[in-house]
Amino acid sequence: MFWFHGGVYPHRMRKFRHYINLYGGLHEHICLEHPQQTHQLFNKDYQLGFIMFFDDPCSYSGPQGGRIPIDKSNSVECNPPATERIDGLVARGTPGEAAGLSVVSVDMHATENKKDHNTNKYKNSNLIVRRNQEFTIVIKFNRPFKEHQDNVQVEFLIGTTPDVNKGTYNIVSIGKEKRDGSWKCRVVNTHDNEVAVGITPDSSCIVGRFRTFVVVVSDMGKQRTQRNPDTDVYVLFNPWDPADQVYMEKDEDRQEYVLNDVGIIYNGDHDNVTSRSWNYGQFEQGVLDACLLVMDVGKVPLVFRGNGTQVARQAAALINAQDDNGVLVGNWSSDYSGGTAPTAWTGSPEILLKYAKTGGTPVCYGQCWVFAGVLNTFVRCLGIPVRVITNYCSAHDNTGNLMTDIVLDEAGRVDKRKTTDSVWNYHCWNEVYMKRLDLPSQYSGWQVIDSTPQETSDGLYRCGPTSVNAIREGEISYQFDARFVFAELNSDMIYYQSDKYGKRKVIHVDPTYVGKLVLTKKLNSSEYEDITSNYKYPEGTLKEREAMEMAESRGVPTRNNLAPAASGLAIELQADVVKMGDNLKLTMNVKNETTKKCTIHTTLTGCVVYYTGVISSFFKFENGDVTVESLQTETLKIDVRAMEYMPYLVEQSNLMFVVYGQIDDKDVSLSKMKVVTLLPPDLTLRVTGTPQVGKDLMITVEFLNPFNYTLENVQLRLDGPDLIQTKMKKYRQIFPGGTIKYKESIIPKASGKKTLMACLDCNTLRQVTNKIEIKVLDKQEKENMGSSK
């Protein structure tokens with residue numbers, strides 16, 4: 001590497017500022033793209049002739065190359081030279097030797113520091129610390145360190161063009177010329193030739209992997225330690241520290257939203273909430289590096305990586321591969337022959353490690369809960385509190401007009417061709433917890449981010465972060481994407497009837513169907529927490545009306561402007577909770593709220609739908625008449641046989657029923673919709689033996705095929721942090737009535753409560769999952785248990 005002395009040709013050096021980066025101290029440098037080469041720089045305009053030695057590849061933009069590019073990689077390095085001499089002085093040996101002091105070793109004390117920084121769960125041998133919290137390293141010299149005589153610097157570099165002003169080159173120092181920048185440093189103690197140095201990264205510093213060098217400074221120049229990956233230090237967000245943007249006050253919240261590596265993602269429908277466990281696995285070997293690689297592949301500028309808002313927004317784009325080679329390819333086609341079905345995954349590590357192993361090739365395939373699970377891992381891994389959210393009856397409103405249209409034909413049957421809007425049975429997104437430095441203080445706290453590629457935001461498929469508090473209050477003018485999120489929770493269901501000429505009329509408006517229920521995992525529990533009130537006030541209350549008025553003042557259309565005249569009748573649909581392959585009974589209650597007897601002519605449409613609300617096939621049409629006395633309710637029972645719907649089932653087994661009612665002798669009609677999620681067959685998990693760290697434990701998985709058809713190309717996955725890395729077993733066929741019994745010996749790696757997950761998946765059967773919680777004992781607990789007997 002060639003180094004210009006700062007005092008030589010100062011007027012000419014200024015002319016090179018557009019491609020020279022200031023490292024600090026006495027010297028400036030130029031990095032070229034070609035490593036390990038020697039070049040002669042000669043420029044007749046500036047009459048400079050120097051030899052340049054290149055140790056590492058760096059980005060370079062010379063006088064004809066334009067501006068120096070923004071540094072966007074944590075993995076590509078450009079390191080300073082081992083020796084820097086003061087220009088004009090010649091002496092034998094190195095600058096360090098001239099000072100009589102040299103570095104023998106650097107001990108990062110990873111085990112002790114990681115415990116103090118709540119990073120000891122990471123399966124990574126390097127030091128991992130959190131911002132604005134001191135960590136201690138021990139530097140061993142060839143002789144005792146003399147604080148009033150010696151001068152030592154510790155450098156922390158990240159990226160290809162380290163720069164003090166950009167936070168990518170941080171220098172702290174001890175000794176006679178002590179001076180710190182944004183990072184702080186102190187001598188903790190000295191013993192013989194060893195010095196314990198306490199270092200505190202800035203509370204807003206870049207999050208990533210920093211390279212560490214110790215520099216002995218003398219009158220002759222600088223002597224650096226060699227590049228050593230073992231001394232690299234990862235710096236993460238710090239929700240334990242009030243000065244950090246992502247500070248979370250309660251420890252029980254931090255335990256759940258930062259340190260918990262297994263979660264529960266809710267699905268099904270709002271009347272039949274089901275769930276599946278998910279291995280976030282943020283501490284698994286290689287996952288932290290994979291998360292940093294995701295940002296590198298996405299070319300996230302390093303200067304953005306210290307801002308929680310920016311990291312969350314970039315992450316929402318990077319987890320999907322729609323437009324930036326992100327982690328997951330979305331697929332809702334039911335054809336997953338080019339990869340793994342979204343329903344087959346059990347956790348994030350398998351996905352992230354596969355992405356990293358291929359150098360950033362997107363992984364196939366994902367749907368909303370997979371995107372949310374992987375995004376949860378990514379954000380928790382970097383230290384930001386985050387949780388997965390499920391919104392039931394979630395509108396996909398790409399226009400933001402708060403209207404979701406269901407079109408019926410003249411006979412009252414759903415018109416698949418004209419019904420292009422959809423309401424997802426459920427949709428999963430994430431919430432990150434942080435202070436929004438760009439918004440008024442009341443809008444800090446939980447923020448929605450969503451990586452499922454639905455709509456673009458600033459040119460990329462992503463959503464958020466947008467304040468949950470702002471959504472509840474109808475304040476949708478603040479960034480980012482608040483209008484879209486508000487519509488997901490507050491759109492009206494508009495039922496139209498279309499005549500043979502294509503003319504439509506509104507027959508019913510349902511303002512309460514969308515955003516029925518919002519759930520997340522409860523703290524330290526396998527149960528769910530209803531957080532609907534975080535997003536919206538109860539329907540019909542003064543607060544709800546005020547929130548809607550606020551949203552309308554910010555540009556959304558006025559609600560209920562299309563509502564038809566009241567009919568005086570109301571329809572309610574109810575259904576049994578049944579397993580796939582069983583008959584079910586649909587109940588239609590018709591309530592007459594008028595003072596006159598009414599007769600209503602009903603048309604029921606039965607559809608097989610994807611969980612996104614998109615219709616796949618029709619399987620049932622049924623007409624009926626119901627006469628209801630004044631102020632009374634009549635009930636109509638409708639039998640739905642398995643043989644009717646089974647031939648048309650698609651993944652996740654959802655049936656949608658829409659009823660249309662025409663009131664006799666009146667030009668008034670109404671409509672109602674009900675989605676039924678059929679439960680999959682059981683998957684049984686069993687543990688044999690006493691779970692203990694380091695001891696074999698037998699796991700048995702059993703499944704019976706209850707159908708009259710053969711299941712083909714079946715995948716069975718086992719997964720569980722500290723229990724087993726993702727393991728897959730394949731079965732070519734499981735015949736009708738056939739049973740599989742899979743046994744696997746596992747060795748628990750850590751004590752405490754652990755979760756083992758299993759998932760069975762094939763083209764004709766999805767969402768067959770189960771979990772079992774295992775209390776793993778350490779050696780002492782096992783001995784105590786034995787003595788108590």
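**Exercise 1. Classify Cys762: is the residue buried or exposed?**

Solution. Start with the number: Cys762 has 1% relative accessibility. Buried means under 20%, so Cys762 counts as buried. Keep in mind that we're working on a predicted model here. Now run Cys185 through the same step: its relative accessibility is 7%, so Cys185 counts as buried too. And how many disulfides does the structure hold? Zero.

**Exercise 2. Count the aromatic pairs, then sort two of them by geometry.**

Solution. A pair of rings is described by the distance of the centres and the angle of the planes. Pairing asks for centres within 6.5 Å, and by this rule you get 20 aromatic pairs.

Take Phe141 and Phe145: their centres are 5.7 Å apart, with 20° between the planes. Planes under 30 degrees apart count as stacked, and that's the label for this pair. Both Phe141 and Phe145 are buried.

Next up, Trp424 and Tyr611. Their ring centres sit 5.5 Å apart and the planes meet at 85°, so this pair is edge-to-face. Where do the two residues sit in the chain? Trp424 is in strand β23 (residues 423-434), while Tyr611 is in the loop between β34 (598-609) and β35 (615-628). That's 187 residues apart, so the pair links distant parts of the chain. Trp424 and Tyr611 are both buried.

Last step: zoom out. Ring pairs join Trp424 and Tyr611 with Trp332, Trp369, Phe371 and Tyr426 into a cluster.

**Exercise 3. Find which rings have Arg387 and Arg504 over them.**

Solution. Arg387 first: it lies over the face of Trp446, 4.0 Å from the ring centre. For Arg504, the charged end sits over the ring of Tyr496, at 5.8 Å from the centre. The cut-off for the distance is 6 Å.

**Exercise 4. Work out what surrounds the side chain of Asp415.**

Solution. Locate the residue: Asp415 lies in the loop between β22 (403-408) and β23. Asp415 is buried, yet it has no salt bridge. Which side chain of opposite charge is nearest? Lys418, 4.2 Å away. A salt bridge needs 4 Å or less, so Lys418 doesn't make the cut.

Now check the backbone. The nitrogen of Arg417 lies 3.1 Å from a polar atom of the Asp415 side chain. For the backbone nitrogen of Lys418, the distance to a polar atom of that Asp415 side chain is 3.2 Å. So Lys418 appears here through its backbone, with no salt bridge to Asp415.

Key. Residues are numbered from 1 along each chain as its sequence is written. This is a predicted model: local features need pLDDT of at least 70, side-chain atom pairs count only at pLDDT 80 or more; totals for chains, interfaces and linings use all residues. Side-chain values use heavy atoms; hydrogens and water are left out. Rings of Phe, Tyr and Trp (its six-membered ring) pair if their centres lie within 6.5 Å; planes under 30 degrees apart count as stacked, over 60 as edge-to-face and the rest as tilted. Buried means under 20% relative accessible area, exposed over 50%, partly exposed in between (1.4 Å probe, protein chains only). Helices (H or I, at least four residues) and strands (E, at least two) are DSSP runs, numbered from the N terminus. A charge sits over a ring if NZ of Lys or CZ of Arg is within 6 Å of the ring centre and within 35 degrees of the ring normal. A disulfide is a pair of cysteine sulfur atoms within 2.5 Å. Lys and Arg count as positive and Asp and Glu as negative; His and the chain ends are not counted. A polar contact is a pair of N or O atoms within 3.5 Å; within protein, one must be able to donate a hydrogen and the other to accept it, and residues adjacent in sequence count only if both atoms are side-chain atoms.
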